[in-house]
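Reader: I'm new to this and keep tripping over the vocabulary. Could you show me the structure and then explain how the words are earned?

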Amino acid sequence: MTSFHGLLAYPITPLTPDDAPDLDALAALVRGAARAGVDGVVVLASSGAGVTFAPEERDAVVRAAVAAGSAAGSPRVPVHVAVSGASTREVVTRARAARDAGADGLVLAPFSYLPLDEDEVVAVFEALASAVDLPVCYYNRSVQTAYDVTPGALVRLARTTTVTAVKDPASTPARPAGRVAALRAATEGLGVSVGLSGDAAIVGGAEAADAWHTGLAALVPAEYVTLRRARAAGTAPDAQVVDWLRALTDVLASLRPVSGFHALATLLGVPTAPPRGPSLPVPSDGVARLREVVARRPGRPTAG
């Protein structure tokens, strides 16, 4: 199967009232996204608050997601796992555990207490490739990590590691025009999928890309699949769907990211407590704004 192409949904990790991962709720999210037609699922990334979970919790989450992806029908939806950590040792440990739990691929945002340089970034991915033979997506969190992957660095990674994709922010203050085209041109012939993240920019008509990486698609997959398929076909997407997604992303942009997704999930009928601290629950006025948008959902489609 092809890794990291098309629509990649990043579900939250739902929590029970006693702050444990709600594996049944997570499985329902994965099945719903798969049946709606997403091309892959990524657990324990930023939307899934992966760095807040202990090893045994992470293992349970991955196994539940893999089982749900397999049970959703044919073809089986690939399940990828985010393995970012503050040290190379932690990254490798998480990657091995994800492989053993059935992951199809890995997503890694390299970070440390101090910003890394290119050689240090490459060294992390080389260590990962030596330990685990799975395709890897480079998660470029340039604002948070203070390192913005260059086309040259991506070429280097594609040639010396198992990096087969990049998840690049669709909108940052210093983002140059034609960024997707530049990454594609640099990696031509190397089999690298150039994908975008950032719901507001994606919905608003960002550059064409090989993949969309989005947490929102795990909560409203029917609408996102409709939009992705229309854009990929070069046809006009449903105007009601686009307007609704824009309204939803406008509200979410004013909220803390993971907290906003948890609040939205609750309004959509997904049982979950707020995310673990230090994230704080969405204030009541933010929940009210989300509720107003959810009430206007076109056709109120279900994902399966």
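Reader: How many of the 304 residues count as buried, and what makes a residue buried?
Author: This is a predicted model, and in it 54% of the 304 residues count as buried. To get that label, a residue must have under 20% relative accessible area.

Reader: What about strand β8: are its faces covered or open?
Author: Both are covered. Ala-211 and His-213 sit on one side, Trp-212 and Thr-214 on the other, and all of them are buried. Each of these four therefore falls under the 20% cut-off.

Reader: Why do the residues split up that way?
Author: Because side chains in a regular strand alternate between the two faces of the sheet.

Reader: How do you know that β8 pairs with β1 and with β7?
Author: Two strands pair if there are at least two bridges between them. Strand β1 (residues 6-9) is joined to β8 by 4 bridges, so that counts. For β7 (residues 193-197) and β8 there are 3 bridges, so they pair too. β1 and β8 run parallel, and β7 pairs with β8 in the parallel sense as well.

Reader: Which residues stand opposite Ala-211?
Author: Gly-6 does, and Gly-195 does too.

Reader: Why would the protein be called compact?
Author: For 304 residues, a compact globule would have a radius of gyration near 19 Å; the protein has 18 Å, which agrees, so the word fits. Its C-alpha atoms fill a box of roughly 50 × 45 × 40 Å along the principal axes.

Key:
Residues numbered from 1 in each chain as written. Predicted model: local features only at pLDDT ≥ 70, side-chain atom pairs only at ≥ 80, totals over all residues. Heavy atoms only, no water. Rg over C-alpha atoms; globule rule 2.2 N^0.38 Å. Buried < 20%, exposed > 50% of the residue type's maximum accessible area, 1.4 Å probe, protein only. Helix = DSSP H or I, 4+ residues; strand = E, 2+ residues; numbered from the N terminus.
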